[in-house]
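Hi,

Here is the structure I said I would pass on. Have a look at it first, and my notes on what turned up follow underneath.

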Number of protein chains: 2
Amino acid sequence: MNIRMAIAHQHRETPLAARVSCNDCSLSQICLPLAVDPEQLDELDRIIRRGRALKRGEHLYRAADSFEAVYAVRSGALKTYAMSEDGEEQVTGFYLPGEIVGMDGISTAYHISSAKALETSTVCEIPFTHLETLSSRIPTLQHHFFSLMSREIQEDRALHMLLSKKSADDRIASLLTTIAARQQRRGLSNRIFRLPMSRYDIANYLGLAVETVSRIFTRFQQQGLIRVEGREVEILDRPRLCGEGRLHAG
Amino acid sequence: MNIRMAIAHQHRETPLAARVSCNDCSLSQICLPLAVDPEQLDELDRIIRRGRALKRGEHLYRAADSFEAVYAVRSGALKTYAMSEDGEEQVTGFYLPGEIVGMDGISTAYHISSAKALETSTVCEIPFTHLETLSSRIPTLQHHFFSLMSREIQEDRALHMLLSKKSADDRIASLLTTIAARQQRRGLSNRIFRLPMSRYDIANYLGLAVETVSRIFTRFQQQGLIRVEGREVEILDRPRLCGEGRLHAG
DNA sequence: ATGGCTCATTGACCCTAGTCAATCCACCGG
DNA sequence: CCGGTGGATTGACTAGGGTCAATGAGCCAT
C-alpha cells in the first residue's frame with residue numbers, strides 16, 4: 001500500500017453534515033465540550049454557530065476585522081498569518097480539527113492576523129461575548145479557556161526556542177513530530193499523515209527558505225528517517241528523527 | 001549630565017514599603033486594578049499578597065514548581081527562561097513593573113519555565129484559584145485576564161516574526177524600542193533608560209551570539225543611532241533605529 | 001493536447017552571524 | 001593590594017543556510 005492509499009484509508013468518518021450538536025461530534029473529547037458537564041453542554045451548544053464552510057484559500061477572518069468570535073476547526077486545516085509593515089507574510093500557526101483559532105484578537109477587539117483555509121474546511125463559530133458570559137457561569141469552561149490560552153503561550157515559547165537555538169534540521173523534525181502528535185490526538189496515525197500546508201508555508205513558519213525545507217526533506221528521506229511523497233509523510237525512524245542520533249551524530 | 005545620572009534622576013519615587021493597597025500603587029493604571037471598578041477593588045486587594053521581595057538572581061518560581069499564582073511585578077525586573085532537554089537555557093521573556101508574569105502554568109498546573117530576578121525586585125502574588133473565582137464575579141476582570149493572555153500571544157507572534165524573518169540588527173533595534181515603549185507606559189523616559197538584563201540574556205532571548213549583540217551595540221553607536229554605556233542606553237535617532245534608513249540604506 | 005500556473009526540487013555561490021580566542025574591565029573576597 | 005570571576009568587547013576565521021537560477025511535476029482552463 002502506498003502512502004496516499006494508507007492516508008485515505010484512515011479518513012473514513014461519518015459525513016459532517018450529519019452532526020448537529022457537540023454531543024454527536026467526534027471531536028468532543030478534544031474540543032470545547034471537554035470542559036463542560038453533559039447537562040451544561042446544551043448551553044454551550046446553543047451559542048455555537050456550526051458548520052461554516054471554507055474553500056481552500058478562503059479567509060475565515062482578516063487582520064483588522066473586528067474580533068467577534070473564536071472558531072473550533074471541525075474539518076480541514078487553517079493557517080494564521082500576519083503581515084509586517086513591509087508587506088511580507090509571517091505564518092504564525094497551523095490549526096487542525098479540534099483546535100481553537102482566533103484567540104489573538106481578544107485584547108485589541110480586532111484581529112491582528114488573518115486566518116485562511118489550507119484546504120476545504122468547516123469551522124464552528126463561538127461568539128466571544130456569549131462565551132465570556134457563559135464562562136462566568138461555568139467555572140470549568142472559564143478555566144478551560146484560560147488553560148487553552150496558556151497552552152498557546154507554552155507552544156509559542158517552545159517555538160521561540162526552536163527558532164532561536166535550533167538548526168534547520170531540528171526545526172523540520174520538530175514540525176513533523178508535532179503534527180504527528182496532533183494527528184494522534186484526533187485518533188489518526190502518528191506515523192503516516194498528510195501535511196495540509198505547502199513547503200512555502202512550512203518554510204515561512206519555521207523561518208527557513210523553501211529550498212532549505214526541500215533539501216532537508218530529501219536528506220531525511222535518504223537517511224531513512226522519513227518517507228515523503230509530496231505532502232504525504234511517513235515517519236520511519238522516530239528516535240533518530242527526534243534527535244538521538246541526528247543531533248549528535250550521523 | 002551623563003547617562004547614569006539622567007537615569008537615576010527619573011527613578012525618584014515614593015518608597016515601596018509605604019504602599020499597602022492597589023489604590024496607592026503608582027502602577028494601578030497599568031496593572032490589574034485597571035480592570036475593576038473602584039468599589040470592587042477591595043475584593044481584588046484582599047486576595048493579593050503584596051511586597052514579596054527578591055534579590056538579584058533569586059527565583060520567583062522554577063520549572064516544575066506547582067502553579068499556584070500569577071505575579072505582578074512591582075519594582076525591579078525579572079526574566080523567564082526554559083531549559084531544553086540538552087540543558088541549554090532559553091530566555092523566553094523579560095518582565096518590568098506593572099507586568100504580569102507566570103501565566104504559562106495554567107494549562108499544566110505546574111510551571112514550565114522558571115522566573116528569576118534580574119535585579120532586586122518586589123512582586124505582588126495573586127493566587128490563581130482566587131483570581132478565577134473573582135473573575136467569575138467581575139466580568140471586567142475576566143475580560144482583562146483573557147485580554148492579558150491574548151496580548152501575550154500577540155507579543156509572541158511578533159517575536160516569531162522577528163526571529164524568523166529579521167536580521168540581527170532588526171532584532172536588537174526592536175528590543176530597544178520595545179523596552180523604551182514599556183518604560184514610557186510606566187511614565188519614564190522612552191529615550192533614555194537602563195537595560196535590566198545582561199548582553200547574554202539579550203543574545204539568548206533574540207537567538208543571537210553575545211558577540212553579535214556586542215558588535216551591533218557598538219556599530220549602532222558609531223552610526224549615531226544610540227548611545228550606550230554598559231547597560232545604560234539613550235536612543236538618539238529613533239526613525240533610523242526603527243528602520244527607515246537602517247533597513248533599506250546606510 | 002497545450003499553455004500557463006504554482007509548487008517542489010536541485011545546484012552553485014555567497015553572506016550573515018556563529019565560533020574560537022584574546023583582552024579589558026568592574027566587582028568582590030581575602 | 002592582588003588574584004579570581006563574570007560581563008563585555010574586538011578580531012579572525014568558518015559554516016549553515018539564504019539567494020539566484022534552472023528544471024521538473026502536477027493541475028486547471030481553454
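**A serine in a loop of chain B**

A polar atom in the side chain of S189(B) sits 3.1 Å from the backbone nitrogen of I192(B). That side chain also has a polar atom 2.9 Å from the backbone nitrogen of R191(B). If you want to find S189(B) on screen, go to the loop of chain B that runs between α5 (168-185) and β9 (192-194). One thing to keep in mind while you look around: this is a predicted model.

**How the two protein chains relate**

Next, the overall arrangement. Turn chain B by 180 degrees, with a shift of 0.0 Å along the axis, and it can be laid on chain A with an RMSD of 0.0 Å. The two copies are therefore related as by a two-fold rotation axis. Which C-alpha of chain B is nearest the axis? That of S136(B), at 2.1 Å from it. Both copies use the same surface, too: of the contact residues of chain B, 98% recur in chain A.

**Where chain B meets chain A**

Now for the contact itself. It draws 45 residues from chain A and 46 residues from chain B. An interface is often sized by the accessible area lost when the parts come together. Here, about 4,100 Å² is buried between chain B and chain A, and carbon and sulfur atoms give 56% of that. On the chain B side, the residues that lose the most area to chain A are F146(B), R157(B) and H160(B), which together make up 18% of what that side buries.

There is plenty to see in the polar details as well. Between chain B and chain A, 32 residue pairs are in polar contact. Five elements of chain B each supply at least two residues to the side that touches chain A: the strands β4 (78-83) and β5 (89-95), and the helices α3 (128-137), α4 (139-165) and α6 (199-206). Which of them gives the most? That would be α4(B), with 19 residues. Sorted by class, this side of chain B has 18 polar, 16 nonpolar and 12 charged residues.

As for salt bridges, the count across the interface of chain B and chain A is 8. If you would like one to look up, the side chains of E88(A) and K166(B) meet in a salt bridge at 3.7 Å, N to O.

**DNA strand C**

On to the DNA. There are 16 residues around DNA strand C, and those that come nearest are R199(A), S214(A), T218(A), A168(B) and T212(B). What share of the strand C atoms within 4 Å of the protein is sugar and phosphate? They account for 58%.

A few individual contacts are worth zooming in on. Two go through the backbone of chain B: a polar backbone atom of A209(B) is 3.0 Å from a phosphate oxygen of DNA strand C, and one of G207(B) is 3.2 Å from a phosphate oxygen of that strand. A base is reached too, with an N or O atom in the side chain of R215(B) lying 2.9 Å from a base oxygen of DNA strand C. The elements with two or more residues in the surface near this strand are α6 (199-206) and α7 (210-222) of chain A, plus α7 (210-222) of chain B. Of these, α7(A) gives the most, with 4 residues. The surface near DNA strand C divides into 6 charged, 6 polar and 4 nonpolar residues.

**DNA strand D**

For DNA strand D, the surrounding residues number 16, and the closest are A168(A), T212(A), R199(B), S214(B) and T218(B). Sugar or phosphate makes up 61% of the strand D atoms within 4 Å of the protein, and the rest belong to bases.

Both chains reach phosphate oxygens of DNA strand D: a polar side-chain atom of T212(A) is 2.5 Å from one, and an N or O atom in the side chain of T218(B) is 2.6 Å from one. The side chain of R215(A) has an N or O atom 2.9 Å from a base oxygen of DNA strand D. Two or more residues of this surface come from each of α7 of chain A and α6 and α7 of chain B. Here α7(B) gives the most, with 4 residues. By class, the surface near DNA strand D has 6 polar, 6 charged and 4 nonpolar residues.

Cheers

How values were computed
Residues are numbered from 1 along each chain as its sequence is written. Chains are lettered from A and ligands numbered from 1 in the order in which they are written. This is a predicted model: local features need pLDDT of at least 70, side-chain atom pairs count only at pLDDT 80 or more; totals for chains, interfaces and linings use all residues. Side-chain values use heavy atoms; hydrogens and water are left out. Contact means heavy atoms within 4.5 Å. Buried area is the accessible area (1.4 Å probe) that two parts lose on being put together, summed over both. A salt bridge is a side-chain nitrogen of Lys or Arg within 4 Å of a carboxyl oxygen of Asp or Glu. A polar contact is a pair of N or O atoms within 3.5 Å; within protein, one must be able to donate a hydrogen and the other to accept it, and residues adjacent in sequence count only if both atoms are side-chain atoms. Ala, Val, Leu, Ile, Met, Phe, Trp, Tyr, Cys and Pro count as nonpolar, Asp, Glu, Lys and Arg as charged, and the others, Gly among them, as polar. A residue is near a molecule or strand if one of its heavy atoms lies within 4 Å of it. Copies are superposed by least squares on the C-alpha atoms of residues with pLDDT of at least 70 in both.
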